[in-house]
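Colleague: I would like a close look at one part of this model, with the cut-offs stated as you go.

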Amino acid sequence: MSKIIASAAIRGAHKIVNKAEAKLQWAMDKWGANEPVGFPNTAYYLPIIYGMLGIKVEKLGDMQPVLERCKTLLPPPVREEHHLPYLAPALDAGMATFFAEEILEAIRYLETPDFYTKTEDPTDSNIWLGAADDVILRKRGVEFVDGTAPGFAAILGAAPTSEIAAKIAQELQQKNLYVFMCAENEGKRFSEQLVEAGVQIGWPTRLVSFGPDVSAAVFAMGFATRAAMSFGGVEPGDFRKILLYNKDRIFAFAMPLGFISDEWYANAAGAVNWGFPTIADTPIPEILPTGICTYEHVVSNVPHENIVARAIEVRGLKVSVAEVPVPVAYGPAFEGERVRGDDIYLECGGGRTQMVEWVTSKRMDEVEDGKIEVVGQEISDIEPGSKLPLAIAVTVAGREMQEDFEPILERQIHHLINYAQGVMHIGQRDIAWLRVSKAAVEKGFKLEHIGALLHAKLHQDFGRIFDKMQVTLYTEADKVKAIVEEAKKVYSVRDARIEGMTDETTDIYYSCTLCQSFAPSHVCVISPERTGLCGSYNWMDCKAAYEISPTGPNQPVAKGETIDVKLGQWQGVNEFVLKASRGKIDHYNFYSLVNDPMTSCGCMECIAAVLPICNGIMTVNREYMDMTPCGMKFTTLAGTIGGGISTPGFVGHGKYNVTQRKFLSAEGGIKRLVWMPKSLKEEIGERFKARAEELGIPDLLDRIADESIGTTEEEILPFLQEKNHPAISMDPIM
């Protein structure tokens, strides 16, 4: 960072702080000091202020001491650049900038509640997404753990043309990076350029349009700050650990495009505190490395065709992208794309036609590796808007291949197809649904490319467990029907095999420490009757993952001597947990939420909690954003029990786990469930009813309250009594 840059940053910081001071005075005059403020649906208040200073900004009056802190950070306004010792004052000015911008954005939420859209996807009329709520943070944050999203690029301004913007965005997507966008330059904004170029933007495609002004940069920095507190277990106010966490774990960089104003320089100086460098396309004089970022702090005058590669190099980011033989862009960033209406060239399944996906294994001499065949019509044989039946039959062979691995490979088909730009895939097995866009077909995409990408990626990711693979795609109705009938028989056998496994008859469980990047003391141990709390891993998944990567996060855990049958505690598991948590956790119970429950990392699909007045338990899924009978929303619950701690009375769990026989069995299992959201009832309804019938209470689901009955214990208790819910007559839960 040069003296000239530092001087501009300090001038910009003064402008932003002065603007925030004036705006706060205006807001205080209009609403008063006690007016509530904050970013919607987050437990982190104004996250940069909360993380750096430990101050909970809950009302307008709480902003005043923060602005006073800004003034103490700001050095005097600078006019003559060469008079300034440049590094430390610029960093302080950058921090003051973010505090002031959070105040500005919080007041914007108060002043114009509908300025930012309230969903993950931007609508046609409003592309500004604003602050990510905690549901999005948890959902997307997992991708920064498992490597599917190694980092993010914060783009300010606009490219010279919409075509250049689209090329930069696509290259960042292909590197699996998120793109956070804000600010205007000469009447243009990067996100608007993408819309103009026909690019889908929003969280699902990792192209996140935070806001139209430079102040929206705080949403990107707030996302990174919340990651440290939410998943890393860093306490609010411990600014040093938060900054180091981001420097070491969140690989981000700023990419200003076009003329850089003083206010932009101020934001860039702030980002350096987090270890995030700036890579610009315009010339900036006297660029010097200073040692806070991994390499240089600021790199300028980079041509647009090289800017992504240069940014990745400067940040020190290791990106591994396998070449996939398809004519369209390919990567996880395209998984959230949607193909709709007039853009559909081909549609298969989804109730329009039959579609099925099936992986089976055969002897080595029965499989020809790399053979890809389309039996029936290809995309080149049909007109735009056509519908075809489709069966994707994948056959594998290998010395290490087992039948148990077939559904694991089959489950990968969904996201691997979705990674192709312009191809949309939903569902699995015989309820799959595929759409191929006209744009993908124009680039040469055919059905045979589905076979090519599956062959390439499954070999890359699962090469340890099979040696050969061939793919046949059928589009003839009679052949598809025959495959569906054959596959259904296999599905039934698989389900019976998985459902037949029990914790008692299994001596080896599996660990998952994938989320220790965010929650260092969290150790998930997965058994046949307790899936991972994130919902992504069951026992068989972990077994396959261990076969693939014997040194990876899924390790076999010998459960050893039983300590407590009812609570679910074993000596071998305790020893593993003590070692894997680095001495932080010495035991926990699989089947209880009252007595030393399993730790939670923050990625849980659901959270269960005790409701003492109702003598029962509730559970809430992360998609439900309103109040619950335990007095907390999901976001508050997650912030309370996440981070790798064991919290008696609360536990994170997967949706599937609710219908497993050992679900909180120490407290009575599903007979104790007295409340859960309607959406969760609908999602797990069929499996839940089957479990309830086993227990002799076939109408149990109807006896469980939801938000239509009430969101407090007092509101739902009369309903439970009227329905004679079994929890009412059970032994006291506490």
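Which residues does Met63 touch, not counting residues up to four places away in sequence?

Modeller: This is a predicted model, in which local features need pLDDT of at least 70 and side-chain atom pairs count only at pLDDT 80 or more, while totals for chains, interfaces and linings use all residues. Residues are numbered from 1 along each chain as its sequence is written, and side-chain values use heavy atoms, with hydrogens and water left out.

With residues up to four places away in sequence set aside, Met63 touches Leu24, Val37, Leu46, Val57, Ile103, Ala106 and Ile107; contact means heavy atoms within 4.5 Å. Met63 is also listed, with Phe99, Phe152, Phe190 and Trp203, as having the most contacts inside the largest nonpolar core, a set of 142 residues. Such a core is a set of buried Ala, Val, Leu, Ile, Met, Phe, Trp, Tyr and Cys residues joined through side-chain atoms within 4.5 Å, where buried means under 20% relative accessible area, exposed over 50% and partly exposed in between (1.4 Å probe, protein chains only). Helix H4 (residues 87-111) gives this core its largest share, twelve residues; helices (H or I, at least four residues) and strands (E, at least two) are DSSP runs, numbered from the N terminus.

A second core, separate from that one, holds 67 residues, including Val324, Cys348, Phe466 and Ile585.

The model also has an open sheet of four strands in the order S8-S11-S14-S9, with mixed pairing; two strands pair if DSSP finds at least two bridges between them. Strands S8 (355-361) and S9 (372-375) stand at the edges with a single partner strand each, so one side of each has no neighbour in the sheet. From one strand to the next the twist averages 15°, with axes fitted to C-alpha atoms (for helices over the stretch in contact) and angles running from 0 to 180 degrees between N-to-C directions.

Two helices pack on this sheet. H12 (residues 406-418) touches S8 and S11 (390-397), and its direction makes about 140° with that of S8. H14 (residues 448-462) touches S9, S11 and S14, at about 155° to the direction of S14.

At one edge, S8 runs parallel to S11 and is joined to it by seven bridges, Thr360 having Thr395 in S11 as its bridge partner. Six of the seven residues of S8 are buried, so S8 is largely enclosed by the rest of the structure. At the other edge, S9 pairs with S14 (residues 468-474) in the parallel sense over four bridges, and Ile372 has Val471 in S14 as its bridge partner.
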